[in-house]
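Please walk me through this structure in order, beginning with how its strands are arranged and ending with the parts where the model deserves caution.

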Amino acid sequence: MRKVIATASMLFMCNLIVVAQKIEKEGPKGFDQERAAIAHGKIDTISYDSKTVGTTRKALVYTTPGFSKSKKYPVLYLLHGIGGDEKEWLKGGSPQIILDNLFAEGKIKPMIVVMPNGRAIKDDRATGNIMAPDKVQGFATFERDLLDDLIPFIEKTYPTLTDRENRAIAGLSMGGGQSLNFGLGNLDKFAWVGGFSSAPNTKMPEVLVPNPEETKKKLNLLWISCGDKDNLITYGKRLHDYLLENNVPHVYYLEPGGHDFKVWKNGLYMYSQFLFKPVDISSLNKYTILDNTSKGE
């Protein structure tokens, strides 16, 4: 009988270890390195007519390996920072490599990823004074360009699932602020929202989440991440504190680092694995690799 109990106890402990191992807290070494032996997705440049801006605008579109027009896919809109454009992620973050590797390991769902130019003005190049008022205003104007022009174009051109449950948004820095503003401000359009090192354009928590109960009901995942040495940490932290106070489930993910692609690549690696799947709300406060001393963590 003792042997049976001992064996059962050992099996129980093994199961606990297996469960614990499922909580992956950061990208492993090589997660952003190209692997020749796996299937690779495809990146295309698309052009769409923007009534909001009054011009033709460009975006990059990544499709996971095995993409077929006979299937329908969820979509992630991935936004850049104040000094970037639709190619910033491609140049600095190699999202196609990160996502190809995750897909090969069965860790992400098949999806379409759209990388637009979030500076919605006629001359949307990242040149001259990128902090000029008209250029900064273009990042706010992009909300209408995204909702009224780009999303309809993508859904007309690609085989997409068009309900909010299958539409996600995330971004870095200025794009992180856009993602929080646009995602939380349009819960009828997005069920998945992520901000990596979100910038000062991030609205106040009371504006982003005026009705915490509605946000709880509609949002599948809210991801807030930042490097611990980043001077912009304040903007994600204040939202995190407000969400804690109002018992809104979310991830507040801190990691060693500054305002750079080391942090943002890891943010994409972690965030993308949640998308378009059931979310275990009880596990969300475990997804950080720094000690989180905020009350309630």
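Helices, taken here as DSSP runs of H or I with at least four residues, are numbered from the N terminus. Just after helix 3 in this numbering, Gly106 takes a positive phi of about 70°. The model is a predicted one, with a mean pLDDT of 92 for the protein and 90% of its residues reaching 70 or more.

The framework is an open sheet of eight strands in the order 1-2-4-3-5-6-7-8, with mixed pairing. Strand 1 (42-50) and strand 8 (251-255) stand at its edges, and because each has a single partner strand, one side of each is left without a neighbour in the sheet. On average, and with direction ignored, neighbouring strands of this sheet are turned by 20° against each other.

Starting from the edge formed by strand 1, the pairing is antiparallel: nine bridges join strand 1 to strand 2, and Tyr48 stands opposite Arg57 in strand 2. The two strands form a hairpin with four residues between them, and Gly54 in that turn has a positive phi of about 85°. Strand 2 also pairs with strand 4 in the antiparallel sense, over five bridges, where the bridge partner of Thr63 is Ile112 in strand 4.

Further along the order, the pairing around strand 5 is parallel. Strand 3 (residues 75-79) and strand 5 pair in this sense over five bridges; Val75 stands opposite Arg167 in strand 5, and Leu76 has Ala168 of strand 5 as its bridge partner. Strand 5 is likewise joined in the parallel sense, over five bridges, to strand 6 (residues 192-196), with Ala170 standing opposite Gly194 in strand 6. From strand 5 the chain crosses through helix 5 (residues 174-185) to strand 6, and this β-α-β crossover is right-handed.

How many residues of strand 5 are buried? Six of the six residues of strand 5 (residues 167-172) are, so this strand is largely enclosed by the rest of the structure. The burial applies to both directions in which its residues point, since Arg167, Ile169 and Gly171 point one way from strand 5 while Ala168, Ala170 and Leu172 point the other way, and all are buried.

Between strand 5 and helix 5 lies a loop that contains Ser173. Ser173 has a relative accessible area of 8%, and because the cut-off for burial is under 20%, this residue counts as buried. Leaving out residues up to four places away in sequence, Ser173 touches Gly81, Phe196, Ser197, Ser198, Ala199, Asn201, Leu232, His259 and Trp264. Helix 5, which follows, is mostly covered, with 11 of its 12 residues buried; among them are Met174, Gln178, Leu180 and Phe182. From its first C-alpha to its last, helix 5 reaches 16 Å, close to the 16 Å expected at 1.5 Å a residue.

Other helices can be placed by what they touch. Helix 3 (residues 95-104) has eight of its 10 residues buried, so it too is largely enclosed by the rest of the structure. The buried residues of helix 3 include Ile97, Ile98, Leu99 and Leu102, as well as Asp100 and Asn101, and the buried residues pack against strand 1, strand 2 (55-63), strand 3, helix 2 (88-93), strand 4 (112-116) and helix 9. Helix 8 (residues 233-245) lies across strand 7 (221-227) and strand 8, running at about 140° to strand 7. Helix 9 (residues 261-272) packs on the sheet and touches strand 3, strand 5, strand 6, strand 7 and strand 8, its direction making about 165° with that of strand 6.

The segment after helix 9 contains Leu284, which is buried, with a relative accessible area of 3%. Aside from neighbours within four places in sequence, Leu284 is in contact with Leu221, Pro249, His250, Val251, Phe274 and Val279.

Two stretches call for caution. Over residues 1-21 the pLDDT stays under 50, and the model has zero contacts for them beyond four places in sequence. Over residues 293-297 the pLDDT is also below 50, although this stretch has 10 contacts in the model beyond near neighbours in sequence. Where pLDDT is low, the predicted coordinates should not be read in detail.

Definitions and conventions: Residues numbered from 1 in each chain as written. Predicted model: local features only at pLDDT ≥ 70, side-chain atom pairs only at ≥ 80, totals over all residues. Heavy atoms only, no water. Buried < 20%, exposed > 50% of the residue type's maximum accessible area, 1.4 Å probe, protein only. Pairing = 2+ DSSP bridges. Right-handed = clockwise from strand over helix to strand, strands pointing away. Axes fitted to C-alpha atoms, helices over the stretch in contact; angles between N-to-C directions. Contact = heavy atoms within 4.5 Å. Expected span 1.5 Å × (residues − 1). pLDDT = per-residue confidence, 0-100.
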